[in-house]
Amino acid sequence: MAFRQCPKRLWLEVHQPDLRIDSDKSEAKFEVGNQVGAIAQSIYDPYSNGEVIDIKSEGFERALERSKELLNSSKPIFEAGFSASGALAFADVILPDQIDGMPAWRMIEVKSSTSVKDYHREDVAIQTYIAKSAGVHLKSISIAHIDSSWVYPGNYDYAGLLVEYDLTQDTLVREQEVMSWISEAQNVIQGTEPAIQTGDHCITPFDCGFYDYCSRDEIKAEFPISWLPRLGSIKAKKLAEKGIHDLREVPDDFLNKTQKIVRDYTKSDSVYFDSEATFRSLSELPLPAYFLDFETIQFAVPIWQGTRPYQQITFQFSVHVLNQNESLDHAEFLDLSSEDPSRKFAISLINACGKDGPVFVYNAGFETSRIRELAERYPELKDQLLAINDRVVDLLPIARNHYYHPSQQGSWSIKKVLPALVPELSYQNLEGVKDGGMAMTAFLEAIHPSTSLERKANIKCQLLDYCKLDTYAMVKLWQVFANRNDLEL
């Protein structure tokens with residue numbers, strides 16, 4: 001599969017594996033895959049009669065031998081290994097079955113995604129070919145992926161989490177194709193390092209851990225075209241073919257209005273600010289005003305009853321309140337109890353947001369979606385929750401349409417806009433948690449049973465400081481955009 005992504009990646013995996021640096025995002029995906037794999041074993045072997053092949057403890061040779069031995073049994077086998085035609089594969093799940101009264105096996109590859117991807121089909125085709133070549137009598141081949149509509153009933157009952165998609169016919173007709181891949185991959189391994197430039201394949205279908213190595217000698221523009229928002233891979237490729245790597249050199253016919261603003265104000269090293277437009281957008285909105293931000297967590301394998309796989313579960317909010325007398329108050333919620341925080345969150349949110357006045361958020365689609373989901377889960381709170389949504393005002397499009405500072409590097413994330421507007425404030429000054437991804441990681445650590453009370457208290461402070469800065473950043477943005485610099489906030 002590394003070869004299918006990029007022959008150079010395969011060569012490096014074999015000959016220079018120490019050069020690989022996986023991102024935190026990739027590591028998190030690996031961990032999710034491990035969690036889903038463990039749950040799959042309990043689903044397909046509810047009475048624990050099966051056998052697990054452990055490559056790390058048994059070694060490849062013994063793992064292959066024991067896999068072959070277990071094929072004579074009628075037990076479920078997990079991570080069974082097969083070797084044939086110069087290739088090696090380990091199947092997530094094989095289950096005993098029969099064809100015309102003769103022993104056969106169902107092979108199931110477990111994926112943590114919520115649908116079947118094209119590269120899953122290739123993965124399964126390779127595994128099928130190797131298993132058949134090794135003498136495994138297969139009745140069917142399937143992908144088992146997560147059903148995102150499934151609701152966890154609680155009590156560790158995960159039946160229904162996975163849904164199977166049969167690929168038997170699709171895979172059996174690809175034998176010749178797989179044979180050619182294996183042959184080409186073997187030739188790559190035996191040759192010298194392929195000369196392949198970086199490109200879209202470095203992130204499709206996976207982020208490649210060798211990217212830093214492969215891009216080490218490439219031109220690094222001071223103002224890369226990647227800063228142009230929503231440029232698209234096709235335009236980026238055309239620009240690279242023209243030898244254009246600096247956004248300041250990109251011609252007009254490649255750019256929309258927003259991209260031209262980024263280019264022009266980067267070239268002039270000046271700030272674009274349509275203060276009249278931002279004032280018109282905000283001046284008519286009355287006080288009190290609420291500035292709201294959420295933090296969420298999601299689990300591929302739900303841990304709380306009534307939740308779905310990958311559902312965004314709100315565990316924290318911060319709200320700054322600019323009162324009618326122009327004083328500033330703050331309220332917050334954070335639940336690190338390890339229990340489902342959703343209902344307590346919803347009640348606290350209703351109490352914190354009052355009944356009148358605009359509720360400012362940054363990227364309204366996120367907060368309003370979470371509020372609607374809470375309203376669906378708790379019908380008795382529905383009217384009060386949806387009333388908050390009716391008052392939401394999104395600051396993001398106001399910023400995107402009317403303000404740009406070159407330090408934003410083509411992004412209108414609040415993390416980029418705040419230090420541009422208010423240089424003395426920065427997320428980099430925070431301890432520990434500095435972005436949403438880090439907030440998720442911190443939350444998971446805090447609710448883990450092995451985390452000490454001292455560490456949990458430290459994480460709590462970090463999370464509160466981080467989320468509070470998010471809403472204070474919105475207050476400062478509102479202040480500048482509404483031309484209320486007379487206020488001491």
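**Backbone turns, a five-stranded sheet and its aromatic contacts**

Y310 is located in the loop that connects strand 8 to strand 9 (313–322). The model examined here is a predicted one, and Y310 makes a convenient starting point for a tour of its backbone. Although Y310 is not a glycine, its phi is positive, at about 65°. Its relative accessibility of 27% makes it partly exposed, because that value falls between the limits of 20% for buried and 50% for exposed residues. A positive phi also appears at N155, another residue that is not a glycine, with a value of about 60°. N155 belongs to the loop between strand 5 (138–146) and strand 6 (162–166). With a relative accessibility of 75%, N155 is classed as exposed, because the limit for that class is over 50%.

Cis peptide bonds add further detail to the loops. The bond from T204 to P205 is cis, and its omega is near 0°. P205 sits in the loop that runs between helix 7 (175–190) and helix 8 (211–214). The bond from L287 to P288 is cis as well, with omega near 5°. Here the proline, P288, is part of the loop between helix 11 (275–282) and strand 8 (289–297).

Strand 8 leads into the sheet. Five strands form an open sheet in the order 10-9-8-11-12, and their pairing is mixed. Its edges are strand 10 (328–334) and strand 12 (392–394), each of which pairs on one side only. From one strand to the next, the twist averages 25°. Strand 8 and strand 11 (residues 359–361) run parallel and are joined by two bridges. Within strand 11, F360 is the bridge partner of F291.

Two helices can be placed against these strands. Helix 13 (residues 364–377) packs on the sheet, where it touches strand 8, strand 9, strand 11 and strand 12. The direction of helix 13 makes about 75° with that of strand 8. Helix 12 (residues 342–352), for its part, lies across strand 8, strand 9 and strand 10, and runs at about 10° to strand 9.

Aromatic side chains offer another view of the contacts made by the sheet. The structure contains 20 aromatic pairs. One of them is formed by F291 and W478, with ring centres 6.2 Å apart and planes at 70°; the pair is therefore edge-to-face. This pair connects distant parts of the chain, since F291 is in strand 8 and W478 is in helix 18 (residues 453–481), 187 residues apart. F291 and W478 are both buried. F317 and F345 also make an edge-to-face pair, at 5.3 Å centre to centre and with 85° between the planes. Because F317 is in strand 9 and F345 is in helix 12, the pair ties together parts 28 residues apart in sequence. F317 and F345 are both buried. A cluster linked by ring pairs takes in F294, F317, F333 and F345.

Charged side chains also meet aromatic rings. R370 lies over the face of F366, at 5.0 Å from the ring centre. Likewise, the charged end of K415 is placed over the ring of Y427, 5.1 Å from its centre.

Strand 9 also contains S318. The relative accessible area of S318 is 2%, so S318 is buried. Its side chain and that of T471 are joined by a polar contact of 2.7 Å. Neighbours within four places in sequence aside, the contacts of S318 are F291, L292, D293, H330, A331, E332, C467, K468 and T471. F291 thus appears in three settings: as the bridge partner of F360, as the ring that pairs with W478, and among the contacts of S318.

A last element to consider is helix 10 (residues 257–267), whose buried residues are Q259, I261, V262, R263 and T266. Strand 7 (272–273) and strand 13 (403–404) are included in what covers these buried residues. The N-terminal end of helix 10 is capped by N256, which has a side-chain oxygen 3.2 Å from the backbone nitrogen of T258. Just after helix 10 comes D269, with a positive phi of about 50°.

Terms used. Residues are numbered from 1 along each chain as its sequence is written. This is a predicted model: local features need pLDDT of at least 70, side-chain atom pairs count only at pLDDT 80 or more; totals for chains, interfaces and linings use all residues. Side-chain values use heavy atoms; hydrogens and water are left out. Helices (H or I, at least four residues) and strands (E, at least two) are DSSP runs, numbered from the N terminus. Buried means under 20% relative accessible area, exposed over 50%, partly exposed in between (1.4 Å probe, protein chains only). Two strands pair if DSSP finds at least two bridges between them. Axes are lines fitted to C-alpha atoms, for helices over the stretch in contact, and angles run from 0 to 180 degrees between N-to-C directions. Contact means heavy atoms within 4.5 Å. Rings of Phe, Tyr and Trp (its six-membered ring) pair if their centres lie within 6.5 Å; planes under 30 degrees apart count as stacked, over 60 as edge-to-face and the rest as tilted. A charge sits over a ring if NZ of Lys or CZ of Arg is within 6 Å of the ring centre and within 35 degrees of the ring normal. A polar contact is a pair of N or O atoms within 3.5 Å; within protein, one must be able to donate a hydrogen and the other to accept it, and residues adjacent in sequence count only if both atoms are side-chain atoms.
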